[in-house]
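Reader: I should be grateful for a close look at a single part of this model, the surroundings of the ligand. Which residues are around the ligand?

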Amino acid sequence: MMKTVVELQKVSFTYGCHPVLNDVSLVIETGELVGIVGPNGAGKSTLLKLIMGQLKPNQGYVKIFGTDPCKLKEKYRIGYVAQKASYFNHQFPATVKEVVISGRAARRGLFRPFTAHDHQLVEQTLELVGLKDISNQPVGRLSGGQQQRVFIARALVSEPEILIFDEPTVGVDAAAQTAFYKLLQDLNQRKNMTMLIVSHELEGLSSIITRQVCLDRHICSCNCHNYTSPSLQEENCSKRLALQVVK
Ligand SMILES: Nc1ncnc2c1ncn2[C@@H]1O[C@H](COP(=O)(O)OP(=O)(O)OP(=O)(O)O)[C@@H](O)[C@H]1O
């Protein structure tokens with residue numbers, strides 16, 4: 001049965017006196033793979049921060065798993081993978097396995113020793129994301145695409161109920177991008193994992209998402225059944241996006 005994972009109702013957000021989001025309503029249900037697209041400065045990352053409870057709306061409300069995200073105690077229920085640009089540098093000494101198992105600490109508590117179950121889960125996840133053969137290599141020496149998989153694995157071992165990505169394919173080559181999207185599609189289909197992805201890479205993204213939301217301070221278009229905002233301006237938003245893709 002479909003369950004609501006994320007809900008925003010009439011959300012507005014302002015940084016100081018700079019309005020960023022206006023009257024945004026959106027519902028995401030279990031198993032959806034939602035792509036959020038929009039021009040630079042449209043408020044996409046701000047929307048993710050509101051959903052993860054890093055920011056509070058000025059108006060309206062945000063819920064995740066039926067709760068105010070700022071009050072959510074089990075943060076591990078949200079898996080977040082940041083931009084590729086913020087990944088490890090070449091000197092970073094920890095191995096793939098060490099980085100991935102650190103994702104279990106969020107679930108178990110920081111100072112509790114890892115169990116056989118934790119190690120088993122790490123092995124299974126490394127297999128799932130195709131990193132098993134290089135699990136003892138230092139992460140700093142991996143390619144951008146491989147590092148990205150390490151971060152997905154790290155998020156997955158905390159057994160999240162939603163995975164959130166902010167611009168995950170920035171700086172990753174075309175082949176790694178294709179492999180990345182394939183992995184997300186597999187996770188979505190095999191594990192019914194709910195995902196929310198902010199991206200400018202419309203081409204690769206559009207082949208895997210179950211729904212596209214176009215944001216430009218408010219939601220311009222949303223090809224879904226449960227969105228109710230009256231302000232549909234699809235044509236306008238598509239034109240701005242087309243300009244951005246050509247750029
Ligand atoms: N901490 C902040 N303080 C003040 N203004 C901010 C802050 N973070 C973002 N902004 C502004 O809010 C607006 C929306 O930013 P946001 O990063 O959410 O947009 P975005 O759609 O993710 O953009 P991009 O595609 O360029 O990453 C921008 O005008 C940005 O300059």
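Author: The following account describes the ligand and its shell. This is a predicted model, in which local features need pLDDT of at least 70 and side-chain atom pairs count only at pLDDT 80 or more, whereas totals for chains, interfaces and linings use all residues. Residues are numbered from 1 along each chain as its sequence is written, and side-chain values use heavy atoms, with hydrogens and water left out.

Around the ligand (a heavy atom within 4 Å of it) are Tyr-15, His-18, Val-20, Pro-39, Asn-40, Gly-41, Ala-42, Gly-43, Lys-44, Ser-45, Thr-46 and His-200. By class, this shell comprises four nonpolar, seven polar and one charged residues; Ala, Val, Leu, Ile, Met, Phe, Trp, Tyr, Cys and Pro count as nonpolar, Asp, Glu, Lys and Arg as charged, and the others, Gly among them, as polar.

At least two residues of the shell come from each of strand 2 (18-29) and helix 1 (44-51), and helix 1 gives the most, with three. Helices (H or I, at least four residues) and strands (E, at least two) are DSSP runs, numbered from the N terminus.

Polar contacts (pairs of N or O atoms within 3.5 Å) are found on both backbone and side chain. A polar backbone atom of Gly-41 lies 2.9 Å from an oxygen atom of the ligand, and a polar backbone atom of Ala-42 lies 3.0 Å from a ligand oxygen atom. From Thr-46, a polar side-chain atom is 2.5 Å from an oxygen atom of the ligand. The protein covers 60% of the 640 Å² of accessible area (Shrake-Rupley method, 1.4 Å probe) that the ligand has on its own.

Key
A polar contact is a pair of N or O atoms within 3.5 Å; within protein, one must be able to donate a hydrogen and the other to accept it, and residues adjacent in sequence count only if both atoms are side-chain atoms.
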